[in-house]
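Me: Hi, could you walk me through the side-chain contacts in this one?
Reply: Happy to, here it is.

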Amino acid sequence: MRNHLENDWALWVGVDGSYTNRTVLNNLPDKTVLIGRIRSDAKLYYLPDSCVNGPGRKRVYGAMAPTPEAIRQDESIPGRRY
């Protein structure tokens, strides 16, 4: 599909939850936006703080982010409420 688009166009793809995984997300072509479904209680994390250097392994996860359900219920975040 990417070969049939103009070079400067973005491709937006909506997928089911089975495609919302590390393998697919890490291998997206340039100018491709993936919108996927995840669980409402998914544990999400921010990117690690790049300035934190200490002994041991490099951090993979940052601080814990709110779950999708917590974001949906937060009245201070604009969006549709179901």
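**Side-chain contacts**

Reply: Let's start with arginine 37, which counts as exposed at 52% relative accessibility (buried is under 20% relative accessible area, exposed over 50%, partly exposed in between, with a 1.4 Å probe and protein chains only). This is a predicted model, where local features need pLDDT of at least 70, side-chain atom pairs count only at pLDDT 80 or more, and totals for chains, interfaces and linings use all residues. Residues are numbered from 1 along each chain as its sequence is written, and side-chain values use heavy atoms, leaving out hydrogens and water.

Me: Cool, what does arginine 37 meet in a salt bridge?
Reply: Aspartate 16, at 2.7 Å from N to O. A salt bridge here is a side-chain nitrogen of Lys or Arg within 4 Å of a carboxyl oxygen of Asp or Glu.

Me: And where do aspartate 16 and arginine 37 lie?
Reply: Aspartate 16 is in the loop between β1 (11-15) and α1 (22-26), and arginine 37 is in the loop between β2 (32-36) and β3, so the pair ties together parts 21 residues apart in sequence. Helices (H or I, at least four residues) and strands (E, at least two) are DSSP runs, numbered from the N terminus.

Me: How many salt bridges are there?
Reply: The count is three. Among them, glutamate 69 pairs with arginine 72, with the closest N and O atoms 2.6 Å apart. Both lie in helix α2 (residues 68-73), three residues apart, about one turn of the helix.
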